[in-house]
Amino acid sequence: SNGFTLLKKIRDRQPAAVRAIFTGMMNIQDLSVAINEGLLHRFFIKPWENETLQLQMKECLQLHTTLASHQSLEKQATTDPLTNLLNVRALNY
């Protein structure tokens with residue numbers, strides 16, 4: 001496998017996780033597929049500058065916070081707080 005299986009498993013299990021890879025070699029077609037399928041958010045090519053890496057990692061952390069918040073709001077909107085079962089909003093979709 002070329003890593004797509006792992007990226008899919010991570011996305012399915014942790015949708016709020018920001019997926020980034022560090023690589024010394026780059027296949028632009030594979031990266032394009034991974035990004036377009038929502039499997040990958042960022043990629044870093046070796047060698048990188050530390051300042052740039054720090055900025056990008058801060059951006060990834062901010063994106064993770066946004067995705068986690070969205071996931072939490074989605075759960076609140078579709079789950080009954082008392083029973084923790086799906087509510088009518090979730091069943092209508």
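This is a short talk on the fold, the core and a few single residues of one protein model.

The model is predicted, so please keep that in mind throughout. I will begin with the layout. The protein has four helices and two strands. Starting from the N terminus, the order is α-β-α-β-α-α.

Next, the overall shape. What radius of gyration would a compact globule of 93 residues have, and what does the protein have? For the globule, the value would be near 12 Å; for the protein, it is 17 Å. Along the principal axes, the C-alpha atoms fill a box of roughly 50 × 30 × 15 Å. Buried residues account for 17% of the 93 residues. The exposed surface comes to about 7,300 Å², and carbon and sulfur atoms supply 57% of that.

A word on contacts. Take those with a separation of 6 or more: 39% of them are between residues 24 or more positions apart.

On charges, there are 10 positive and 8 negative ones, and their mean positions are 6 Å apart.

Now the core. In soluble globular proteins, nonpolar side chains tend to be buried together. Which residues make up the largest nonpolar core here? There are six: F4, L7, L31, A34, L39 and L40. Helix α1, residues 4-13, and helix α2, residues 28-36, each supply at least two of them. One core member, L31, can be followed a little further. If we leave aside neighbours within four places in sequence, L31 is in contact with I21, M26, L40 and F43.

Let us move along to F44, which sits in strand β2. Is F44 buried or exposed? Its relative accessibility is 7%, and buried means under 20%, so F44 counts as buried. Not counting residues up to four places away in sequence, F44 touches A20, I21, F22, T23, L53, Q56 and M57. Compare that with its distance to D80: the two are 36 residues apart in sequence, and their C-alpha atoms are 41 Å apart in space.

After β2, which spans 42-45, comes a loop that leads to α3, residues 50-78, and P47 lies in that loop. The bond between K46 and P47 is a cis peptide bond, with omega about -10°. As background, most peptide bonds are trans, and most residues other than glycine have a negative phi.

The second half of that background brings us to N84. This residue is not a glycine, yet its phi is positive, about 65°. Where is N84? It lies in the loop between α3 and α4, the latter being residues 88-92. N84 has 52% relative accessibility, and the cut-off for exposed is over 50%, so N84 counts as exposed.

Two more residues, and then I am done. S72 is in helix α3. With a relative accessible area of 34%, S72 is partly exposed. From S72 to K9 there are 63 residues in sequence and 20 Å in space, C-alpha to C-alpha.

N92 belongs to helix α4. Its relative accessible area is 62%, so N92 is exposed. N92 and T78 are 14 residues apart in sequence, with 9.9 Å between their C-alpha atoms.

To close, two points to take away. The radius of gyration is 17 Å, where a compact globule of 93 residues would be near 12 Å. And the largest nonpolar core has six residues, with α1 and α2 each supplying at least two.

Key:
Residues numbered from 1 in each chain as written. Predicted model: local features only at pLDDT ≥ 70, side-chain atom pairs only at ≥ 80, totals over all residues. Heavy atoms only, no water. Rg over C-alpha atoms; globule rule 2.2 N^0.38 Å. Buried < 20%, exposed > 50% of the residue type's maximum accessible area, 1.4 Å probe, protein only. Contact = heavy atoms within 4.5 Å. Areas by Shrake-Rupley, 256 points an atom, 1.4 Å probe, with all protein chains shown as cover. Lys, Arg positive; Asp, Glu negative; His and termini not counted. Charge placed at Lys NZ, Arg CZ, Asp CG, Glu CD. Core = buried A, V, L, I, M, F, W, Y, C linked by side-chain atoms within 4.5 Å.
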